[in-house]
Amino acid sequence: MSSVNTPEYFTVAELAELLRLKERKIYDLAASGGVPCSRATGKLLFPARDVYAWIASHTTGPQETEARPPILLGSHDPLLDWAVRESRCGLATYFDGSLDGLERFKAREGVACGLHVYHSETSDWNVPSVDKTRDAVLVGFARRRRGLVVRPDETGITGLGDLAGRRFAPRQPLSGTAKLFGDLAEEAGLDHAALDLAPVSRTETEAVQAVARGEADATFGLETLARDFGLQFLPLIEEFFDLLIDRRQYFEAPVQALLNFCAGDALREQAARLGGYDIAELGKIRWNA
């Protein structure tokens with residue numbers, strides 16, 4: 001795809017891999033005019049935008065015709081939230097958790113969805129959750145360091161097992177954070193019923209704010225936000241945060257504006273300032289329907 005780790009034009013070999021055909025068949029399609037191509041450089045090149053439109057035009061069965069609204073769904077991330085504003089891409093946001101966002105994305109309620117869903121049985125992130133999604137691509141955004149965020153004066157919490165009886169700021173059930181915390185707590189032998197739960201926080205920032213205000217002793221949050229609020233951070237895991245993007249909308253102006261901004265220096269500099277991020281694989285295609 002054109003702006004992030006995928007070329008604007010496919011070569012014969014790249015198109016053959018995409019379509020799972022032999023290169024000889026690609027030459028035959030080009031010769032017959034069956035697939036969009038260009039010979040401007042003296043060799044066959046296939047415009048990615050036109051190729052995907054050609055694939056869509058040959059799809060059989062019931063077709064989705066209702067346009068997706070320009071909304072970014074799914075999990076809240078401070079760096080992504082900042083990038084949406086700074087890029088002036090025009091996307092609205094509705095962040096209410098990875099699993100909520102994935103269901104809304106499948107229902108065509110947005111053009112993209114932020115995800116950090118861990119699958120313990122495969123030790124993989126996000127891909128098993130989206131592998132049956134049609135006409136979409138999963139693009140890497142960042143790796144994030146996550147762990148326990150604890151009040152500065154709290155000395156008795158060194159791991160998940162120490163949360164029993166403590167006031168804990170939880171996330172909503174359809175968030176990737178809640179799912180991951182449940183998996184890790186089970187591995188650590190922490191009974192969820194042993195927690196003294198504060199009101200549910202619906203974003204990463206709200207959960208850490210609850211600790212900063214003294215409304216909770218701890219939460220399962222991001223290092224970058226612990227730094228922002230001067231709180232202790234006990235690292236537990238590094239997670240993949242990816243963007244699931246509708247294939248057609250990938251090429252439209254709002255998504256392209258966001259991706260182009262994310263590929264620039266401003267985002268790298270902001271990630272370094274915030275801390276807790278590794279964006280070395282930003283833009284990597286992690287899965288392609």
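Which residues of strand β5 point one way, and which the other way? In this predicted model, Ala112 and Gly114 point to one side of β5 (residues 112-115), while Cys113 and Leu115 point to the other. All of them are buried.

## Strand β5 and its partners

In a regular strand the side chains alternate between the two faces of the sheet. The pattern in β5, with Ala112 and Gly114 on one side and Cys113 and Leu115 on the other, can be read in that light.

Strand β5 pairs with strand β3 (residues 71-74) in the parallel sense, over three bridges. It also pairs with strand β12 (residues 232-246), here antiparallel and over four bridges. Gly114 of β5 stands opposite Gly74 and also opposite Leu243 in β12.

## Internal cavities

Rolling a probe the size of a water molecule over the atoms shows where empty space is left. The count comes to two cavities of 30 Å³ or more.

The largest cavity holds about 40 Å³ of space. Its lining consists of Val139, Gly140, Phe141, Leu243, Leu259, Cys262, Leu282 and Gly283. The elements giving two or more residues to this lining are β8 (136-150) and α11 (253-262). Of the contributors, β8 gives the most, with three residues. By class, the lining of the largest cavity has six nonpolar residues, two polar and no charged.

The second largest cavity has a volume of about 30 Å³. Leu72, Ala112, Leu243, Ile245, Val255, Leu258 and Leu259 line this second cavity. At least two lining residues come from each of β12 and α11, and α11 supplies the largest share, three residues. The lining of the second largest cavity has seven nonpolar residues, with no polar and no charged ones.

Leu243 appears in the lining of the largest cavity and in that of the second largest. Leu259 likewise lines the largest cavity and the second largest. Ala112, one of the buried residues of β5, is among the residues lining the second largest cavity.

## Helix α2

The buried residues of helix α2 (residues 23-32) are Ile26, Leu29 and Ala30. These residues lie on the same side of α2 because they cover an arc of only 95° around the axis. The face turned away from this buried side carries the exposed residues Arg24, Ala31 and Ser32. Just after α2, Gly33 takes a positive phi of about 75°.

## Glu223 and Phe241

Glu223 lies in helix α9 (residues 223-228). Its relative accessibility is 14%, so Glu223 counts as buried, the cut-off being under 20%. The side chain of Glu223 makes a polar contact of 2.5 Å with the side chain of Arg145.

Phe241 lies in strand β12, the antiparallel partner of β5. At 0% relative accessibility, Phe241 also counts as buried. From C-alpha to C-alpha, Phe241 and Ala30 are 38 Å apart in space, and they are 211 residues apart in sequence. Ala30 is one of the buried residues of α2.

How values were computed. Residues numbered from 1 in each chain as written. Predicted model: local features only at pLDDT ≥ 70, side-chain atom pairs only at ≥ 80, totals over all residues. Heavy atoms only, no water. Buried < 20%, exposed > 50% of the residue type's maximum accessible area, 1.4 Å probe, protein only. Pairing = 2+ DSSP bridges. 1 Å grid on protein atoms, 1.4 Å probe; cavity = no way out; pocket = protein on both sides within 12 Å on 5 of 7 lines; lining within 4 Å. Points joined across faces, edges and corners; volume = space filled by probe spheres on them. Nonpolar A, V, L, I, M, F, W, Y, C, P; charged D, E, K, R; others polar. Arc of directions from axis to C-beta. Polar contact = N/O pair within 3.5 Å; in protein donor to acceptor, adjacent residues only side chain to side chain.
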